[in-house]
Amino acid sequence: FLSDALKQVRACRRVLKWTYVYGYYLEDTGAEKNLFEHLQKNLEEKTDCLHEMLEKDFDGIFFPETEQESFVTSEEAHQKFMEFRSHVTNFTNVTQKFRDRILLDLGCGRRLTLVSGR
């Protein structure tokens, strides 16, 4: 799950890199530009959040800063790990959906679409 999440972060960063080029050539005003920037911003936020989760949350859970936090039972450690794993897996899937949405809209050469419920 960690490898999948890291691959997703890399893939999203690669897509974001090229969205800046795409955005540069869009007309300066209009609904399409606004929607594109909205989709780009959402992908960027989700990618940053997943990346931060992998770095900071992982360190905070498995490498506590205080001695009190470091004395946990194996059952508590297992529970924390399973919660972390579930959260990362779910957020990886959410981030992938945002990436797929912007790729679908940009890759087809069609006008950007706003999908209800997403």
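**Charges and rings in a predicted model**

In this predicted model, Lys7, Arg10, Arg14 and Lys17 form a positive surface patch. Lys7 sits in helix H1 (residues 2-25).

Q: What makes the patch of Lys7, Arg10, Arg14 and Lys17 positive?
A: Lys and Arg count as positive, and the patch is formed by Lys7, Arg10, Arg14 and Lys17, so the name follows from the residue types.

Q: How many aromatic pairs does a search of the whole structure find?
A: Happily, there is a clear count: 4 aromatic pairs.

Q: Why is the pair of Phe1 and Phe84 called edge-to-face?
A: The ring centres lie 6.2 Å apart, which is within the 6.5 Å limit for a pair. The planes stand at 75 degrees, and over 60 counts as edge-to-face, so the label fits. This pair links distant parts of the chain: Phe1 lies in the segment before H1 and Phe84 in helix H4 (residues 74-107), 83 residues apart.

Q: How do you know whether Phe84 is buried or exposed?
A: Buried means under 20% relative accessible area; Phe84 has 5%, so Phe84 is buried.

Q: And what makes Phe1 partly exposed?
A: Its relative accessible area is 28%, which falls between the 20% and 50% cut-offs, so Phe1 is partly exposed.

Q: Why is the aromatic pair of Tyr22 and Phe36 called tilted?
A: The planes are 50 degrees apart, neither under 30 nor over 60, so the pair is tilted. Centre to centre, the rings of Tyr22 and Phe36 are 5.3 Å apart. Tyr22 belongs to helix H1 and Phe36 to helix H2 (residues 31-62).

Definitions and conventions:
Residues are numbered from 1 along each chain as its sequence is written. This is a predicted model: local features need pLDDT of at least 70, side-chain atom pairs count only at pLDDT 80 or more; totals for chains, interfaces and linings use all residues. Side-chain values use heavy atoms; hydrogens and water are left out. Patches are made of residues with over 30% relative accessible area and no salt bridge: like charges are joined within 9 Å, nonpolar side chains (Val, Leu, Ile, Met, Phe, Trp, Tyr) within 5 Å. Accessible areas come from the Shrake-Rupley method with a 1.4 Å probe; for residues, only the protein chains shown count as cover. A salt bridge is a side-chain nitrogen of Lys or Arg within 4 Å of a carboxyl oxygen of Asp or Glu. The place of a charge is taken as NZ of Lys, CZ of Arg, CG of Asp or CD of Glu. Helices (H or I, at least four residues) and strands (E, at least two) are DSSP runs, numbered from the N terminus. Rings of Phe, Tyr and Trp (its six-membered ring) pair if their centres lie within 6.5 Å; planes under 30 degrees apart count as stacked, over 60 as edge-to-face and the rest as tilted. Buried means under 20% relative accessible area, exposed over 50%, partly exposed in between (1.4 Å probe, protein chains only).
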